[in-house]
Amino acid sequence: TRTPVNVTVTGAAGQIGYALLFRIASGHLLGADVPVNLRLLEIPQGVKAAEGVAMELDDCAFPLLRDITITDQANVAFDGANVALLVGARPRTAGMERGDLLSANGGIFGPQGKAINAHAADDIKVLVVGNPANTNALIAQRNAPDVPAERFTAMTRLDHNRAVAQLAKKAGVTVEDVKKVTIWGNHSATQYPDLFHAEISGKAAFDAVGAEQSWVEDFFIPKVAKRGAEIIEVRGASSAASAANAAIDHVYTWVNGTPAGDWTSMGIVSDGSYGVPEGLISSFPVTTKDGKFEIVQGLELSEFDRARIDASVKELAEERDAVQELGLI
Ligand code: NAI
C-alpha cells in the first residue's frame with residue numbers, strides 16, 4: 001500500500017474549506033489510489049468548527065482518508081507537509097486600505113512561509129488561494145528561502161475555468177472542446193483572460209465564437225474578471241464550491257499533468273518570460289508533467305495582449321513594492 005500524502009489546509013473551517021476537504025478525502029486532489037492525511041490549520045476561534053468538520057469527515061468513512069490533525073499551530077500543521085493549500089486569509093473589510101490588507105496578510109503568510117521552510121517535506125507543493133493570492137504567495141515564498149521558489153503558486157484556475165465555461169457557452173460546445181485558454185497576471189480585476197491563443201474544436205476561439213473585438217473587451221473579459229463580484233451579488237456569499245473545485249483542479253493538474261494539446265493557468269514565480277519581471281508571482285499559460293511545470297513559450301502577443309498583460313503586471317509590481325516597504329519580504 002502507498003504511504004499517505006500529507007495535505008495541509010489552512011482556513012479549514014471556512015466556506016471553501018467545507019467544500020474542499022471532502023473532495024481531498026475522496027481522492028480528487030491527487031488521485032483515486034492515493035491515501036491522504038489531513039492537517040487542518042485554523043485560528044483559535046476556528047478550531048472548534050474545524051473539529052466539527054473533522055467529525056463529518058469521519059462520518060463519510062472515506063477509504064483513502066487516514067489521519068486528521070487539527071491545530072492552531074503552523075509548525076504542527078506544516079510538519080511533513082507534501083501539499084499545502086493556503087486558504088485562510090484576512091479579508092478586506094469596509095474602510096480597509098490596501099496597505100492594511102497587505103500587512104494583515106503578511107502577518108499570516110510570512111509566518112506560514114517560515115513554518116513551511118522549517119517543517120514541510122522536501123517535495124512540498126504550495127497553492128495559495130487566500131486573497132490577495134499572488135502577493136500572499138510571494139510573501140510565503142520569500143519567507144521560505146530553502147524551498148525552491150517554483151513550489152509556491154497562486155490560484156488563477158477559477159478564473160481559467162470561468163473563461164472556459166463562458167467560451168463553451170458562447171460557442172455552443174462542451175467545455176472539453178475549449179483548449180489553450182490563458183489567464184495572465186494577477187488574480188484580481190486587472191487579470192487578462194486571453195482567448196486569442198485559445199482553440200475551440202481545433203479552430204481559433206475568436207472565430208469559433210463568431211466574436212467581435214467589442215464582445216471580447218466589453219463582455220468576455222469583464223465577465224470573467226468580475227465573476228467573483230457577480231457571484232456575491234447573486235448568491236449572497238462569495239464563490240466557495242467553485243473555488244474549492246479550482247484548487248482541486250490546480251493541484252491535480254500540477255501533480256498529474258496537462259492533457260496533450262492543452263495547457264492551464266497558474267500563478268507562478270516569473271522567470272522573465274513574456275517580459276514579466278523575474279520574481280513576481282504572475283499567472284501564465286503552463287504545461288505540467290511529472291509534478292513540474294513549464295511556461296508555454298513562443299506565443300505571439302498583439303498590442304492588445306501586451307497592454308492588458310502589462311497593466312496587470314504593473315499592479316503586481318506595486319503590490320510587491322508595497323509589501324517590500326512594509327518589510328514583509
Ligand atoms: P471564510 O472566511 O469562509 O474562511 C476563511 C477561514 O480562514 C476562516 O475559518 C478563518 O478562521 C480562517 N483563517 C483566517 N486566518 C487564518 C490563519 N492565519 N490561519 C489559519 N486559518 C485562518 O473564507 P472563504 O470563503 O473560505 O475564502 C477564503 C479565502 O479565499 C479568501 O481570502 C477569499 O478571498 C479567497 N478566495 C480566492 C479565490 C481565488 O480564485 N484565488 C476564489 C475565492 C475565494
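Hi everyone, this is a short walk through the two domains of a predicted model and the residues around its ligand.

Two notes on reading it. Numbering starts from 1 along each chain, following the sequence as written. Because the model is predicted, local features need pLDDT of at least 70 and side-chain atom pairs count only at pLDDT 80 or more, while totals for chains, interfaces and linings use all residues.

Let's begin with the overall layout. The protein chain splits into domain 1 (5-154) and domain 2 (157-319), with bounds taken from an automatic or database domain assignment. Their C-alpha centres are 23 Å apart. Where the two touch, domain 1 supplies 27 residues and domain 2 supplies 24 residues; contact here means C-beta atoms, placed from the backbone, within 7 Å.

Which element gives the most to domain 1's side of that contact? That is helix 5, with six residues. Helix 1, strand 4 (83-86), strand 5 (125-128), helix 5 (133-142) and strand 6 (152-154) each give two or more. Helices (H or I, at least four residues) and strands (E, at least two) are DSSP runs, numbered from the N terminus. By type, this side has 17 nonpolar, seven polar and three charged residues.

Now to the ligand. There are 27 residues around it, and G11, G14, I16, G46 and G88 come nearest; a residue is near if its C-beta atom, placed from the backbone, lies within 6 Å. Helix 1 (residues 15-25) provides the largest share of this shell, three residues. Each of the two domains contributes at least three residues to the shell. Its residues are 14 nonpolar, twelve polar and one charged, where Ala, Val, Leu, Ile, Met, Phe, Trp, Tyr, Cys and Pro count as nonpolar, Asp, Glu, Lys and Arg as charged, and the others, Gly among them, as polar.
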